[in-house]
Amino acid sequence: MIETRSLPTDYVFKPGEIKTSSGKTLRTDEMIINMGPQHPSTHGVLRLEVVLDGEIVVDVIPHIGYLHRCFEKHCEHMTNYQQVIPYADRMDYLASMNNDLGYALAVERLLKIEVPPRVEYIRVIMSELQRIASHLIAIGTYGIDIGAFTPFLWCFRDRERILDLFEMTCGARLLYNYIWIGGLSHDLPPKFVEMAKDFCAYFKPNIKELNDVLTFNQIFVKRTANVGVLPKDVAINYGCSGPMLRASGANWDLRRDDPYSVYDKFEWQPEIGKGEMGTVGDCWDRHIVRIREMEQSVKIIEQALASIPEGNVQAAIPKRIRPEPGEIYIRTESPRGELGFYVVSDGTGSPYRIKARAPSFVNLSVLPEISRGSMIADLVAIAASTDIVLGEVDR
Amino acid sequence: MGSNGTMIRKKDLTIWQKTYIPEIVKGLRLTISQMFKPKFTYNYPEERFKPAASFRGRPVLAEENGVERCVACGLCSRVCPALAIEVQASETELEKERYPIKFEINMVRCIFCGFCEEVCPEEAIIMSNEYLLVFNNQEEAVFGKDKLLTPVEKLHDRLEFLREHR
C-alpha cells in the first residue's frame, strides 16, 4: 500500500525537518528542480519550478512568458481592425478558427452588423472541425506524455484529414486567416460539404478505436484516474473553463449557456465528468470529456452540413471598419475554454485597446493547487491534462 | 490527490493487474491490425505534396510580356500586418506610367496571410504554390524583384481561383 500522507495547507519550506504522518521527524532536504522550458511534456516553453520532497511534489511555480509576443500591444499599432486577424490566429495556434471567430464576433458587435446565415453556418462548421483537431492533439500528446505512442500517430492521421479540408477551403493548414470581420475570405469549395460528410463518417469509428487503445486501457486508467483531482468549487474559484471545468462536474458550456453564432439551432449537449474511473474531476475525466466532446462536435457538424443555406459570404464585409467609440466583451467557447475578447474603440480605424482572456492562462493557474502532494511522475500527467497552449498563455 | 493535500490512492494491485499482459495484448492487436491498412504518409523527398489552387504559398510578382504588372501603388506594403513589403515607385514610358524600381519582400517577416494579394488592384502580387523556402542568412531572405518575378502563365490556376471566389 502506498503510504498516505498529508501536507498541511500552510506548509512552510523548512529544510532538514519534516514530520511524517506517523509523527516521526525525518531529516530530509527539499529539492528545487526546473521542469522545462525544454521539457517535452510541458507542451511548449513553460518552466515549472518544482519543490520536491523526495518524489512528492510540495509546490509548483509556473514561470511563463517565454513566448510573449505582445499580442495586445501589437493590435493597437495596426492600421486597421482586419490586420489583427492573422495575429489572433497565432494566439492559440492549434485552434486558429476559434480565435478568429471570437475576435470577428467582437468587432461585428461593435460595428452592429448582421452577417448572412450561410456565414454563420460555415463558421460553426469550421470552429467545430477545429475543435476536433485541437482535441485530437490534446489527446494524442496526452497519450505520449503517459507513454502511449501509437494513439499520438492515429490522432495526427485523423487531424490531417481536417487540415486537408481547411487547406482546400482557405489555403493554409495551420494559420487560416479565414473568418473575417463580417464574413469569410472565400466561399466553401464545391466538394467541401461532401468531403466533410465523408470525414464525419470516417471519424466516428476512429473514436471507438481510440477509446479501445487508450481511454479504457488499464495502464492509462491507472496513470490518470484519481490523479490531479480538481473539485468543482476549486475549479470555479480559479475561473477554470472549458473541458477543465466540465470534467469537474460543472455543467457549463458557453455554446449552450450564452449562445453565439447559430449554436442554439443544433441538437447537442455539453459533456461533463462523472468520475467513472475514480473521482469526479481527475485527469481521466478531463480526457474522457475531450473524447466525448469530439462526438458532440461531429453531431453539430453533421446537422450544420445538412441545413447549410445558400448566400453570398462576402455580402456583409464592411468597406471601411471604423466602429463608433465604445467597448465590447465577447466570450466564445474555444477548445480550451472561455476565450474572451475585450475591444475598446475610440472611433478611429485601429483598435484603441484589445484584451484577450485566454483560457489556457487561467487554466494553468490551477496547476499548483491540484498537483501539490502528488508524485513527480503524476505532475506530467496533470500538466498535460490541463491542455495548455503556450502561444495562448503568453500571447 | 485531493485539493486538501491527502492522497486518495489506497488500493493495492493484484498480481494479474501487475502483469498488465491482457492490456498489452489488446493494445498490440490493435496496432498490428493497422499494419495492413493503406499508408497515409508521403515518402517526402521523392513524393511531393501538390498544393491545390487555394494554397497560399510564397507571394510572387506576376510578370506579363517581360514587365511586372505592379504599378507601385504601395497598398500591399500598407496592408501587410508584418511590415514585410517595401516598395519604391518610379516613372516609366509604358502605359501604366509607374513601376516599382525596388520591390522587396522580407520572407522572414512574411506570415503568408494573403492580405497583399487581396488588396492588389492589378492582380500583380499573387500567392504562388511554392512552399519550400530555405535561406542561409537574413540577407538571403529578403527577396528582391529578381526572385519575385514569375511569368503569369505559371500562376494561371491561382488567378482562375481568385476570379471565381472573390
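The following paragraphs describe chain A as a whole and then one helix of chain B. This is a predicted model, in which local features need pLDDT of at least 70, side-chain atom pairs count only at pLDDT 80 or more, and totals for chains, interfaces and linings use all residues. Residues are numbered from 1 along each chain as its sequence is written, chains are lettered from A and ligands numbered from 1 in the order in which they are written, and side-chain values use heavy atoms, with hydrogens and water left out.

Chain A contains 15 helices and ten strands; helices (H or I, at least four residues) and strands (E, at least two) are DSSP runs, numbered from the N terminus. Its radius of gyration is 22 Å, which agrees with the value near 21 Å for a compact globule of 395 residues. That radius is taken over C-alpha atoms, and the globule rule is 2.2 Å times the number of residues to the power 0.38. Of the 395 residues of chain A, 62% are buried, where buried means under 20% relative accessible area, exposed over 50%, and partly exposed in between (1.4 Å probe, protein chains only).

In chain B, helix α7 spans residues 156–165, and its buried residues are B:Arg158, B:Leu159, B:Phe161, B:Leu162 and B:His165. Seen down the axis of α7(B), these residues fall within an arc of 160°, so they line one face of the helix; the arc is that of the directions from the helix axis to the C-beta atoms. An α-helix has 3.6 residues a turn, so residues three or four places apart point the same way. The face turned away from the buried side of α7(B) carries the exposed residues B:Asp157 and B:Glu164. The buried residues of α7(B) pack against α4 (115–119) and β5 (125–127) of chain B, a contact being heavy atoms within 4.5 Å.
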